[in-house]
Amino acid sequence: YVQGLNDVLLPLIVVGLVDESGRLVEELDAGLLASLSEERLGEIEADCYWCLTKILSEIFDHYTHGQPGIQRMVQRLKEI
């Protein structure tokens, strides 16, 4: 777990719900969740999981001991 992961996941969930419902973001409400089947909610959850997995695979080394990913990015900025 990485702190702030919910901030990455929430937009993915919103996109999945907007795509499923055809509604605007501003029109999303709890009634939509109640109207979706468990199967469809599970599919949206699975899509979000795989998207999040891909995102984390790209930045994983930013959150490991010594933060080598962040160190590489800082070095690149210094070179610019």
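**Exercise 1. Find what share of the protein is buried, and describe its overall form.**

Step 1. Start with burial. In this predicted model, buried residues make up 14% of the 80 residues.

Step 2. Turn to the surface. The accessible surface comes to about 6,400 Å². Carbon and sulfur atoms hold 60% of that surface.

Step 3. List the secondary structure. The protein has four helices and zero strands. Along the sequence the pattern reads α-α-α-α.

Step 4. Test the form against the globule rule. The radius of gyration is 17 Å, well over the 12 Å that the rule gives for 80 residues, so the protein is more spread out than a compact globule.

Step 5. Add the dimensions. Along the principal axes, the C-alpha atoms fill a box of roughly 50 × 25 × 15 Å.

Step 6. Check the contacts. Take those with a separation of 6 or more. Of these, 38% join residues 24 or more positions apart.

**Exercise 2. State how confident the prediction is, and where confidence is lowest and highest.**

Step 1. Take the whole protein. Its mean pLDDT is 89. A value of 70 or more is reached by 98% of the residues.

Step 2. Look at the helices. Confidence is lowest in helix α4 (residues 68-79), with a mean of 89. It is highest in helix α1 (residues 5-21), at 93.

**Exercise 3. Which residues form the largest nonpolar core, and what does Cys48 touch?**

Step 1. Name the core. It has five residues: Leu17, Leu32, Leu36, Ile44 and Cys48.

Step 2. Follow Cys48 outward. Set aside its neighbours within four places in sequence. Cys48 is then in contact with Leu9, Leu12 and Ile13.

**Exercise 4. Place Leu41 in the structure: its element, its exposure and its contacts.**

Step 1. Find the element. Leu41 is in helix α3.

Step 2. Classify its exposure. Buried requires under 20% relative accessible area, and exposed requires over 50%. Leu41 has 25%, so it is partly exposed.

Step 3. List the contacts. Not counting residues up to four places away in sequence, Leu41 touches Leu33 and Leu36. Leu36 is also one of the core residues.

Step 4. Gauge a distance. Leu41 and Gly4 are 37 residues apart in sequence. In space, they are 23 Å apart, C-alpha to C-alpha.

**Exercise 5. How many salt bridges does the structure hold, and what do the pairs among them join?**

Step 1. Count. There are four salt bridges.

Step 2. Take Arg40 and Glu20. Their side chains meet at 2.3 Å, N to O. Arg40 lies in helix α3 (residues 38-59) and Glu20 in helix α1, so this pair ties together parts that are 20 residues apart in sequence.

Step 3. Compare the two partners. Arg40 is buried, at 19% relative accessible area. Glu20 is partly exposed, at 31%.

Step 4. Widen the view. Glu20, Arg40 and Glu43 are linked in a network of salt bridges.

Step 5. Take Arg23 and Asp29. This salt bridge spans 3.2 Å, N to O. Arg23 is partly exposed, with a relative accessible area of 27%. Asp29 is partly exposed as well, at 43%.

Step 6. Take Lys54 and Glu58. Their side chains form a salt bridge of 2.9 Å, N to O. The two residues are four apart in helix α3, so about one helical turn separates them. Glu58 is exposed, with a relative accessible area of 51%.

Methods: Residues numbered from 1 in each chain as written. Heavy atoms only, no water. pLDDT = per-residue confidence, 0-100. Buried < 20%, exposed > 50% of the residue type's maximum accessible area, 1.4 Å probe, protein only. Rg over C-alpha atoms; globule rule 2.2 N^0.38 Å. Contact = heavy atoms within 4.5 Å. Areas by Shrake-Rupley, 256 points an atom, 1.4 Å probe, with all protein chains shown as cover. Core = buried A, V, L, I, M, F, W, Y, C linked by side-chain atoms within 4.5 Å.
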